[in-house]
Amino acid sequence: GDSGGVTVYQIAADPALPLLRRLEAETRADPASAVTCEVIVNAVKAGYHGKTSNLWHGVQAAQHEVLVFSDADMLAQPKTLRRILRRLQQRADVVACLPLHLPTGGLWGRLYAHLWNAAILYGFALPMVTWQPSGLPGGTVALTRVSLERIGGVEAFRDYLAEDIELGRLAVRAGLLLGMGPPLISPVERMTFSAFAEKVRRGQLVLLTATQLGRWLL
């Protein structure tokens, strides 16, 4: 992408890259491995923000029908992908895993985790169990290319800050069935009261707006 004449790249010096490169090399060196890994770093696509640009480039590079979008801070149990695939094969067009927040210490971190867990369980888990959700929680979302095309592709939510919430709204509008996948853990570190207040404010804006206006406010 181009911003004021300066090409904006995702962080090519990200400290996680050496680990990912090693994983990439290991999967390619093992002929018996059923998993292949490819690490890509691209310039931010014009009209997109960092995350949706990553999603767009990832979809272009992917070679299979099922796509899984997952945040970097999601911790998954073994066989999570298998459980997601089973859910897609059974009934759901889109599967969203519940991002449950696990506090790692401190009063405000614990309070923040409890607030979000309550909101997620009440606002998303119960409606998804009854197949009547109005949207989906973010963190980790799986769908097929056909389903992604039905909601307009990544282009349809490219400039939304809460792109996962907008993806859910578009899916419901397109008549897709949203199913609940296995729970994942999102660690919440120790935080100060001011950090807690700021995170709550940002979360409220994202949930209430999930629009281009919200993108600028945040």
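Begin by selecting strand β3 (residues 66-70) together with β5: the two pair in the antiparallel sense, joined by five bridges. The model on display is predicted. Within this pairing, V68 faces A142 of β5 across the strands.

Next, keep β5 selected and add strand β4 (residues 94-103). These strands also run antiparallel, with four bridges between them. Here L143 of β5 is the bridge partner of V94.

Now consider β5 by itself, at residues 140-144. Four of its five residues are buried, so the strand is largely enclosed by the rest of the structure.

From the strands, move to the largest pocket by selecting T36, C37, E38, V68 and S70, which lie nearest its centre among 46 lining residues. V68, already met opposite A142, thus appears again in this lining. The space in this pocket is about 2400 Å³. To trace its walls, select α1 (17-29), α2 (50-61), β3 and α3 (80-90), each of which supplies at least two lining residues. The greatest contribution is that of α2, with seven residues. By class, the lining comprises 27 nonpolar, 12 polar and seven charged residues.

Finally, select D71, D73, H101, Y112 and W116, the residues nearest the centre of the second largest pocket, which has 32 lining residues. Two or more of these come from each of β4, α4 (107-129), α6 (163-173), β6 (178-188) and α7 (193-208). The largest share, five residues, belongs to α7. This pocket holds about 980 Å³ of space, and its lining has 18 nonpolar, six polar and eight charged residues.

Note on methods: Residues are numbered from 1 along each chain as its sequence is written. This is a predicted model: local features need pLDDT of at least 70, side-chain atom pairs count only at pLDDT 80 or more; totals for chains, interfaces and linings use all residues. Side-chain values use heavy atoms; hydrogens and water are left out. Buried means under 20% relative accessible area, exposed over 50%, partly exposed in between (1.4 Å probe, protein chains only). Two strands pair if DSSP finds at least two bridges between them. On a 1 Å grid over the protein atoms alone, a cavity is a set of points where a 1.4 Å probe fits but cannot get out, and a pocket is an open set with protein on both sides within 12 Å along at least five of seven lines; lining residues have an atom within 4 Å of a point. Grid points are joined across faces, edges and corners, and a volume is the space filled by probe spheres set on the points. Ala, Val, Leu, Ile, Met, Phe, Trp, Tyr, Cys and Pro count as nonpolar, Asp, Glu, Lys and Arg as charged, and the others, Gly among them, as polar.
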